[in-house]
Each structure stands twice: as structure tokens, then as C-alpha cells.
Amino acid sequence: NVTQQNSQLAEKSSVSASVLTEQSEEMMEAVAMFTSAVDARNQEARQDAVWSSMRSDDGMVKRA
């Protein structure tokens, strides 16, 4: 009887571990989407800063 209970608990633990692994992978994918969006905004901000530094007061691009 005790051996059967241990076996059942081990099986439940295995199933729980599998479910948690799947959920953590889904969460990492969701977080990666937000990280990608933040990276894209940061890149746009850097590009805007570069273009701003290249413009003169009249809005024209400065010549090197």
C-alpha cells in the first residue's frame, strides 16, 4: 500500500514538473516579446538622437 502511494505521488510530481516546465517556457516567450519591443524602442530613440545631432538649428542635415 505504501509503495503504491509513493508511486502515485511520484507520478503526480512528474506531471506537475512537466506542467511547470511548459508554463515557464510560455512565460519566457511572453517576456521575450516585451523585451523585443523595448529593444526596438531603444534603438529608435538612439537613431532619433543621432539624427538630431546631425541637424542644424534650421532643420537641415549638417555637412561633414
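Author: Quick bit of vocabulary before we start: a helix here is a DSSP run of H or I with at least four residues, and a strand is a run of E with at least two. Also, keep in mind that this is a predicted model.

Reader: Okay, how many helices and strands does the protein have?

Author: Helix 1 takes in residues 2-54. Going by those DSSP runs, the protein comes out with one helix and, for strands, zero.

Reader: What share of the 64 residues counts as buried?

Author: To count as buried, a residue has to be under 20% relative accessible area. The protein exposes about 6,000 Å², with carbon and sulfur atoms supplying 56% of that. Among the 64 residues, the buried share is 0%.

Reader: Is Val50 buried, partly exposed or exposed?

Author: Val50 sits in helix 1. Together with Trp51 and Met54, Val50 makes a nonpolar surface patch of about 280 Å². Exposed would take over 50% and buried would be under 20%. Val50 has 47% relative accessibility, so the label is partly exposed.

Reader: And what is the relative accessible area of Glu25?

Author: Glu25 also belongs to helix 1. Partly exposed lies between the 20% and 50% cut-offs. Glu25 is partly exposed because its relative accessible area is 42%.

Reader: Which residues gather in the patch of negative charge?

Author: Asp and Glu are the residues that count as negative. The patch lies on the surface, and Glu25 is one of its members. The full set is Glu22, Glu25, Glu26 and Glu29.

How values were computed:
Residues numbered from 1 in each chain as written. Predicted model: local features only at pLDDT ≥ 70, side-chain atom pairs only at ≥ 80, totals over all residues. Heavy atoms only, no water. Patch = residues over 30% accessible without salt bridge, like charges linked within 9 Å, V, L, I, M, F, W, Y side chains within 5 Å. Areas by Shrake-Rupley, 256 points an atom, 1.4 Å probe, with all protein chains shown as cover. Salt bridge = Lys/Arg side-chain N within 4 Å of Asp/Glu carboxyl O. Buried < 20%, exposed > 50% of the residue type's maximum accessible area, 1.4 Å probe, protein only. Charge placed at Lys NZ, Arg CZ, Asp CG, Glu CD.
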